[in-house]
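Hi there,

Here is the structure I promised to pass on to you. Have a look at it first, and my notes follow below.

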Amino acid sequence: MNDVMAKNIKTRLHNKKGRSQIEFIIEGFLIGIVAGLVAIIYRLLLTKAEKLLFFAVDYIHGDVVKIILWMLFLTVLAIIVGKLVKWEPMISGSGIPQVSGEMKGYLSQNPVKVIIAKIIGGTLSIVGGLSLGREGPSIQLGAMAGKKLAQVQKKGKTKEKTYISCGAGAGLAAAFNAPLAGVMFTLEEIHKNFDGRVIVSVMTAAVTADFLAKSVFGLSTVFQYNSSTPIPLTLYGLVIILGIIVGVSGAFYNKCMVKGQKLYAKLKMIKPEYRIIIPFLVAGVFALVYPKVLAGGSVMVDILVKNNFVLSALLTMLIIKFLYSVICFGSGAPGGIFYPLLVLGSFIGASFGIVCISSLGVNDIFMDKFIILAMAGFFAATVRAPITGIILIAEMTGSLEHMISISLVSVVAYVVAYLCKSEPIYSSLLEGILEKQGTKLADPSDETMLITYNVTFDSEVDNKKLNEIEWPHNCLVVAIERGHHEFIPRGYNRIKAGDFITVLINEGEMDYMNEILTEMCCDKKKKYIDNKNT
């Protein structure tokens, strides 16, 4: 290591480690305000857009002239949205895969363009009635707000990633009134690293954004289900069966979503920006014959809350909503699958509950419980982030009393989806984006980053000397923090569980390095250890 590199590393370590927890909290607070406000604006616009949609549906009912004008209006909306996607391709779809790709070093988004185009495009898509959600876009908007804040403050690449993570958590918290889920989703799906210092910043950002959102939208939960009566242990066999059902359904859902995008890609005779016209015109048809499935699915949720349903009607809406969601999301229109996904899960649970009540004599007071369990399990099967799903459903329903049954159905669904060889939905979508753009992992560059890993007990590096560990090429361990003490690593230093090790890597190799180093510091497989020296 030359003197210049040593000096740079020392400066960056000072900036990264030499700060108090108060500074991390202040950063998270600022990010929470900025990202939260952006997500709140988006949520407000979508709320108004959905009201406008259903007003228009009632207004055009039975009038041929008004129906024709509405279809023309939808075509104009589709063209505008298509032009926005062409202007900024990163707004296509959910936005979560794009954030994940940026964290991994595959993508680099223009935050201002993404925020402007996503807000306008997403709002117009809901006005048109597309079956899309606000949560994925809110995560992307929050992440881009965090990135822009980092750029304004002239932070380096390392700190920029932290700002993106905090903004993503704040965006989800503001969208769902679920700060804990925002934190867990960020750590489990976006950041993929449980660094204690990152947790402080993300938690502060999420709580701040949640406070702002609740100041605007109130304290009520997203789903109003009365589920105070827990399912008795004698019915846990049904919980396992439900977990198997939603696990298989989640795997099928993922495959159909990816397949839908591929089918649209085969429409070579239609330019990509005009393919979005297809779901808008389908939305126009549904506005006339089946408006319940339009937009994210709030009308369908109201039907379940009011217990106003029969099995045949539930299955009909479930199938139509599923196919309609595939049509809308596959087109590349800006909008997420988060909320529609939960709506589909709730209908699976309601259908299962009706069968159990009518055929097995189960008490009907457990209907709401089956709905909640199915949402959690379906989320775990599709996103493959079970901890986030458990916390998210608990926060969205306002109930923490049923964690055992929710955990059970989530674990079963997760395992079943894995056995079905179903890839996590956002990983599959990211692969599709990279394949479409022909993007590959960037070659190593002069731009470097510092990443910190928390060593867990009995991991591959726990209780090993630095010179006993076969580190991957092109990485350099530059600091070890143990408790309140930090020291420069030497070959004879032994790493202990609980240590924070800081590694210098090339930005272009972030994805590859992060995967290996996370496995080394957190997993128990003895893949990278030289057993001859142990």
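Let me start with the strands. S2 (residues 475–482) is joined to S4 (residues 500–506) by 6 bridges, and these two strands run antiparallel. Within that pairing, Leu-476 stands opposite Leu-504 of S4. S2 also pairs with S3 (residues 485–487), again in the antiparallel sense, over 3 bridges. There, Glu-481 is the residue that stands opposite Glu-486 of S3. As for its surroundings, 6 of the 8 residues of S2 are buried, so the strand is largely enclosed by the rest of the structure. Please keep in mind as you read on that this is a predicted model.

Next, two helix pairs that you may enjoy looking at.

The first pair is H5 (residues 111–128) and H6 (residues 135–152), whose axes come within 9 Å and cross at roughly 150°. Angles over 145 degrees count as roughly antiparallel, and H5 and H6 are therefore roughly antiparallel to each other. The crossing of H5 past H6 is left-handed. On the H5 side, the contact is made by Pro-111, Val-112, Val-114, Ile-115, Lys-118 and Ile-119. H6 contributes Pro-137, Gln-140, Leu-141, Met-144, Ala-145, Lys-147, Lys-148 and Gln-151. Sorted by class, this contact of H5 with H6 has 9 nonpolar, 2 polar and 3 charged residues.

The second pair is H16 (residues 367–383) with H18 (residues 403–419): their axes come within 8 Å and cross at roughly 35°. Here H16 passes H18 in a right-handed crossing. From H16, the residues in contact are Lys-369, Ile-372, Leu-373, Ala-376, Gly-377, Ala-380 and Ala-381. Their partners in H18 are Ser-405, Ile-406, Val-409, Ser-410, Ala-413, Tyr-414 and Ala-417. The residues of this contact between H16 and H18 divide into 10 nonpolar, 3 polar and 1 charged.

Finally, a single residue to click on. Thr-186 sits in helix H8 (residues 179–191). Is Thr-186 buried or exposed? With a relative accessible area of 0%, Thr-186 is buried, since the cut-off for buried is under 20%. Measuring from C-alpha to C-alpha in the model, Thr-186 and Cys-166 are 7.6 Å apart in space, while 20 residues separate them in sequence.

That is what I have for now. Happy to talk it through whenever suits you.

Best wishes

Technical notes:
Residues are numbered from 1 along each chain as its sequence is written. This is a predicted model: local features need pLDDT of at least 70, side-chain atom pairs count only at pLDDT 80 or more; totals for chains, interfaces and linings use all residues. Side-chain values use heavy atoms; hydrogens and water are left out. Axes are lines fitted to C-alpha atoms, for helices over the stretch in contact, and angles run from 0 to 180 degrees between N-to-C directions. Helices (H or I, at least four residues) and strands (E, at least two) are DSSP runs, numbered from the N terminus. Angles under 35 degrees count as roughly parallel, over 145 as roughly antiparallel, 65 to 115 as roughly perpendicular and the rest as oblique. A crossing is left-handed if the near helix is turned anticlockwise from the far one by less than a right angle, and right-handed if clockwise. Contact means heavy atoms within 4.5 Å. Ala, Val, Leu, Ile, Met, Phe, Trp, Tyr, Cys and Pro count as nonpolar, Asp, Glu, Lys and Arg as charged, and the others, Gly among them, as polar. Buried means under 20% relative accessible area, exposed over 50%, partly exposed in between (1.4 Å probe, protein chains only). Two strands pair if DSSP finds at least two bridges between them.
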